[in-house]
Amino acid sequence: MSPAARTVEHVTCLGCGCACDDIAVVVKQDRIAETRNACALGTAWFGDGRIPQDARVNGRTTSLEQALGEAARTLEAAKRPLVYLAADLSCEAQREAVALSDRLSAMLDSLTGAAAAGVLAAQRRGRAGATLGEIRQRADVIVFWGVDPAERYPRFAARYAVEPRGLATPRGRASRTVIAVDVGAGRGPADADARVAIAVGDEVDALGVMRATVQGRVASDEARFRGSPELARRMSEGRYVTLVADGEPGTAPGDPDRAEALVTLAQALNGPTRCALVVLRGGGNRSGADAVVTWQTGFPFAVDFAPGFPTYRPHAGAAALLATGEIDAALVIGSPASIPEPLVRGLAGLPSVAIGPRASTATFQPAVAVDTGVAGIHEGGMAFRMDDVPLPLRPPLAGPPTAAGALRSLRERLGA
Ligand code: SF4
């Protein structure tokens, strides 16, 4: 290693919801030169650590003070503002965003609005879950439902659910049975011990047949459910079953009732055995946004402060309000690249303020843009893993202003 290099150990990667906290980052001449233990997705997320460091008003570079002053004026003039939480923020920055939403009487929403079905199903039914640590120690039957974690959660199998040796799985992979459920094009891991194929249109019914089989209520012999009752029986015989599904939009094949059907199947399995449902979440501290907004307001996303107190509007969040033209200004916080395309289109015609990593590159052309550091790379604080375990961030680099700091300054300008 060159004399100018330094290594920062135990860095937490937020490239996906696995939040691996065993990354050793080698820094040379203020750039990231190496990310030991990180997968390819994580290495790409860290990059070399260089990001834009600009503050702009109407496309022109200005001082941070002037940009925040203009941001305060833009937001204060709004009658129906939106505050939107995107990715790559620490919990501290997310907490500032809640305070700003309260001050502005705004609608506060986040990336979770696009993955609401799973949250709402869990709120209606309750969810049988577990930490990834418990699954690592105990799970002996792991069912991947329409998802191969190797694609978007590359170290999930190695760190948590398939390969590690645990208290109840002393031989690691050899102690576990892995079952892939292929739902249309959503395929489970290629190296599974067994697989079941289900058509997208039959998915929710198949989950219902499985639940009924677990509960001993029905045995369907319909050809389209072939394999489902058998899978349900196999799961019932496991000592500790884990049902893994993707909670992020875009990959989930199909039916809006799917989330509830998975939740209720996991619950039913807790009759004959123990079962935990693991919902895979994307990176950038998405789970942290849910946790912070919940502990601050009582609700995880789509919280409306307009009535003067936090009001839950899960079916009338950012996407719905932008589509109907109700929003007249927006404060977008976090990485603009993580925002779903329909929302970007809705933001494009509005006066908006963007504060976050690479805000100055936002395609919706905000009136005010303030670049900040990336949580976990330039900014410390806390973040949540996909199983709601909080982890400290150990930023290997110094960088532009922190998002939490810029938001605090904006809040103070607004007199809150
Ligand atoms: S699995 Fe996810 S959190 Fe872990 S190193 Fe890869 S991208 Fe980062």
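The largest pocket holds about 760 Å³ of space in this predicted model. Its lining is made up of 34 residues, and those nearest the centre are Ala 115, Ala 117, Gly 118, Val 119 and Val 279. Two or more lining residues come from each of α4 (116-125), β11, α10, β12 and α11 (286-297). Two of these elements, β11 and β12, also pair with each other in the parallel sense, and that makes them a handy place to begin a tour.

**The largest pocket and the largest cavity**

- Helix α4 gives the largest share of the pocket lining, with six residues.
- Sorted by class, the residues around the largest pocket are 18 nonpolar, eight polar and eight charged.
- Alongside the pocket, the structure has three cavities of 30 Å³ or more.
- The largest cavity encloses about 90 Å³ of space.
- If you like cysteines, look here: Cys 13, Cys 16, Cys 20 and Cys 39, together with Arg 155, lie nearest the centre of the largest cavity, out of 13 lining residues.
- The lining of that cavity counts ten nonpolar residues, two polar ones and one charged one.

**Strand β11 and its partners**

- Strand β11 covers residues 240-246, and seven of its seven residues are buried.
- Side chains leave β11 in two directions: Tyr 240, Thr 242, Val 244 and Asp 246 point one way, while Val 241, Leu 243 and Ala 245 point the other way.
- Both sets are buried, including the charged-class residue Asp 246.
- On the β8 side, strand β8 (residues 141-145) runs parallel to β11, and four bridges link the two.
- Within that pair, Ile 142 sits opposite Thr 242 of β11.
- With β12, strand β11 forms seven bridges, again in the parallel sense.
- Val 241 has Cys 275 of β12 as its bridge partner.

**Thr 273, just before β12**

- Thr 273 is found in the loop that runs from α10 (258-269) to β12 (274-280).
- Is Thr 273 buried or exposed? Its relative accessible area is 12%, which is under the 20% cut-off, so Thr 273 counts as buried.
- The side chain of Thr 273 comes to 3.1 Å from the backbone oxygen of Arg 239.
- Apart from neighbours within four places in sequence, Thr 273 is in contact with Met 235, Ser 236, Gly 238, Arg 239, Tyr 240 and Val 241.
- Two of those contacts, Tyr 240 and Val 241, belong to strand β11 and point opposite ways from it.

**Ser 175, just before β9**

- Ser 175 occupies the loop between α7 (156-161) and β9 (177-183).
- Ser 175 has a relative accessibility of 16%, and because this is under 20%, the residue counts as buried.
- Which backbone atom does the side chain of Ser 175 reach? The side chain reaches the backbone nitrogen of Arg 171, at 2.8 Å.
- Not counting residues up to four places away in sequence, Ser 175 touches Asp 140, Thr 169 and Pro 170.

**The nine-strand sheet around β17**

- Nine strands make an open sheet with mixed pairing, in the order β5-β4-β17-β16-β15-β6-β7-β13-β14.
- The edges of this sheet are β5 (60-61) and β14 (311-312), each of which pairs on one side only.
- Strands of a sheet pair through backbone hydrogen bonds, in either a parallel or an antiparallel way.
- Strand β17 (residues 368-371) is covered on both faces: Val 368 and Val 370 are buried on one side, and Ala 369 and Asp 371 are buried on the other.
- Strand β4 (residues 55-57) pairs with β17 in the antiparallel sense over three bridges.
- There, Val 57 has Val 368 of β17 as its bridge partner.
- Strand β16 (residues 352-356) runs parallel to β17, and four bridges join them.
- In this second pairing, Val 353 stands opposite Val 368, so that Val 368 is matched with a valine in β4 and with Val 353 from β16.
- One step further along the sheet order, strand β15 (residues 329-333) pairs with β16 in the parallel sense over four bridges.
- Val 332 stands opposite Ala 354 of β16 in that pair.

Key: Residues are numbered from 1 along each chain as its sequence is written. This is a predicted model: local features need pLDDT of at least 70, side-chain atom pairs count only at pLDDT 80 or more; totals for chains, interfaces and linings use all residues. Side-chain values use heavy atoms; hydrogens and water are left out. Buried means under 20% relative accessible area, exposed over 50%, partly exposed in between (1.4 Å probe, protein chains only). A polar contact is a pair of N or O atoms within 3.5 Å; within protein, one must be able to donate a hydrogen and the other to accept it, and residues adjacent in sequence count only if both atoms are side-chain atoms. Contact means heavy atoms within 4.5 Å. Two strands pair if DSSP finds at least two bridges between them. On a 1 Å grid over the protein atoms alone, a cavity is a set of points where a 1.4 Å probe fits but cannot get out, and a pocket is an open set with protein on both sides within 12 Å along at least five of seven lines; lining residues have an atom within 4 Å of a point. Grid points are joined across faces, edges and corners, and a volume is the space filled by probe spheres set on the points.
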